[in-house]
Amino acid sequence: MSPPLGLYLHIPFCRQRCDFCSFYLEIHREGRAESFVRSLVHEIGLAAQQQVAVGRPIQSVYLGGGTPTVLAVAQLIAILSEIRSQFSLTQDCEVTVEGHPSTISEQDLAQLRQAGVTRLSFGAESMEDGDLVRIGRPGAVSETVTAMAKARSAGFTNINLDLMYGLPGQSLNSWKQTLTICLALQPTHLSCYALTVEQETRLASNIRLERSPAPDEALQIEMDQSAQRILSDAGYERYEISNYARPGHACRHNLLYWTNGEYLGFGPSAQSYLDGTRFGNVADLDAYNRSLTEGLLPIEERIELSKEEQLRDAVIFGLRLIQGIPSHNLHQHALNYGHSALTAQLLAQELIEQDGERSKLSAKGRLQADTIAEKLY
Ligand code: SF4
């Protein structure tokens, strides 16, 4: 039987762009959203008609963005209903909707629950209002608290909070305080991302103009270590570099990415991986709409990966998981790419450790994960 597949839907709208954000999106306008939803529904049907992944059970559906909850709830339900009519979702399919805490009412949440959404992910970012102001993030901490209460009243039990650390002006104590406040809200899952400065963002320009400090790497490392301590003491398991979950609540959709699983992406800029081929949609809403009006899938780029490249990606993504990867995969990749000396060095420096048949990043290695990934590429 074919292995299960995940579906990702990119909703390219937000009410405002946060200073650090470089995702493909535009400011929400009703007319643009309406034409996008029409195109998205068309794309889902077209992909299914073209028998892409026909008969594959769908293990997870993830509506991300952007801010999916800036769409009207009726639009989100129309998208989900098209997914259900074109694909076969497994009985325990994880269906996640990302939302900004200020963009959803209890009634809308109840309707999403009825439409089969099983998991919510709120972008809290920080539980200190000053931090939100300094990263140009709309909304207030009180809205995250209210959104959690509304979600629970609507019947949701599986809820993630996204957090960022190393924000301008954020101290170690204030980060710990953010974690403590979040824990009191009892999410099942917490994602903790170090702030990174992307080119062409307002944050990058603020740093250049010395209006904002650059992230302090040493402080980010301390913050990462304190998150690990505080969250594991509270019963959360770190299962990926940036992700912690209560037992049984790891995000099934995101696990697909780290285990080299297959997924289809819909919406402008969405990426797919199927049958050893990576392909991506055009990152331009007008071009996306045009392509679908002409009855064509809006795929811009296709890269067929060799077996060696597939293994390389499995190694690089898999090392992000705390459980690591089979050691023979690491060694085979080293042979394929002439990385044997490099791998031996990473082991000798205790950045990668081998535990029986598995290889994983050590605590020290996790702090340099991106650099190690670049070297192993
Ligand atoms: S809400 Fe999320 S997707 Fe939208 S601008 Fe902010 S960080 Fe980017």
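Start at the ligand in this predicted model. Select the ligand, then light up what surrounds it: Cys14, Arg17, Cys18, Cys21, Phe23, Leu25, Gly65, Gly66, Thr67, His100 and Gly123. Try colouring that shell by residue class. You should get 5 nonpolar residues, 5 polar ones and 1 charged one.

**A bend in the ligand shell**

Keep Gly65 and Gly66 selected, since both belong to the ligand's surroundings. Show the backbone here and look at the bond between the two glycines. What kind of peptide bond joins glycine 65 and glycine 66? A cis one, with omega at about 20°. As for where you are in the fold, glycine 66 sits in the loop between β4 (57–65) and α2.

**Along to α2 and α3**

From that loop, move on to helix α2, residues 73–86, and add helix α3, residues 106–114. Their axes come within 10 Å and cross at roughly 10°. An angle under 35 degrees counts as roughly parallel, so α2 is roughly parallel to α3. To see the contact itself, show side chains for Val73, Leu76 and Ile77 on α2, and for Asp108, Gln111 and Leu112 on α3. By class, this contact has 4 nonpolar residues, 1 polar and 1 charged.

**Over to α1 and α10**

Next, select helix α1 (residues 30–49) together with helix α10 (residues 285–293). The two pack at an angle of about 45°, and their axes are 9 Å apart. That angle makes α1 and α10 oblique to each other. Which hand does the crossing of α1 and α10 have? It is left-handed. Now bring up the contact residues: α1 supplies Arg32, Ser35, Phe36, Ser39, His42 and Glu43, and α10 supplies Leu285, Tyr288, Asn289 and Leu292. Colour them by class and you'll find 4 nonpolar, 4 polar and 2 charged.

**A quick stop at glutamine 186**

Zoom to glutamine 186 and check its backbone angles. Phi is positive, about 55°, although this residue is not a glycine. You'll find glutamine 186 in the loop between α6 (172–184) and β8 (189–194).

**Stepping back: two domains**

Zoom out and give each domain its own colour. The domain assignment gives domain 1 as 5–258 and domain 2 as 307–376. Their C-alpha centres lie 28 Å apart. How many residues does each domain put into the contact? Domain 1 gives 8 residues, and domain 2 gives 8 residues.

Stay on the domain 1 side for a moment. The elements giving two or more residues to the side that touches domain 2 are α8 (217–233), β9 (237–240) and α9 (252–258). Select β9 in particular: with 3 residues, β9 gives the most to that side. Taken by class, the domain 1 side has 5 nonpolar residues, no polar ones and 3 charged.

**Last stop: α11 and α12**

Finish by selecting helix α11 (residues 307–318) and helix α12 (residues 327–337). These axes come within 10 Å and cross at roughly 130°, which makes α11 oblique to α12. Here α11 passes α12 in a left-handed crossing. For the contact, pick Glu308, Leu311, Arg312, Ala314 and Val315 from α11, then Asn329, Leu330, Gln332, His333, Asn336 and Tyr337 from α12. A last colouring by class shows 5 nonpolar, 4 polar and 2 charged residues.

Note on methods. Residues are numbered from 1 along each chain as its sequence is written. This is a predicted model: local features need pLDDT of at least 70, side-chain atom pairs count only at pLDDT 80 or more; totals for chains, interfaces and linings use all residues. A residue is near a molecule or strand if its C-beta atom, placed from the backbone, lies within 6 Å of it. Ala, Val, Leu, Ile, Met, Phe, Trp, Tyr, Cys and Pro count as nonpolar, Asp, Glu, Lys and Arg as charged, and the others, Gly among them, as polar. Domain bounds come from an automatic or database domain assignment. Two residues are in contact if their C-beta atoms, placed from the backbone, lie within 7 Å. Helices (H or I, at least four residues) and strands (E, at least two) are DSSP runs, numbered from the N terminus. Axes are lines fitted to C-alpha atoms, for helices over the stretch in contact, and angles run from 0 to 180 degrees between N-to-C directions. Angles under 35 degrees count as roughly parallel, over 145 as roughly antiparallel, 65 to 115 as roughly perpendicular and the rest as oblique. A crossing is left-handed if the near helix is turned anticlockwise from the far one by less than a right angle, and right-handed if clockwise.
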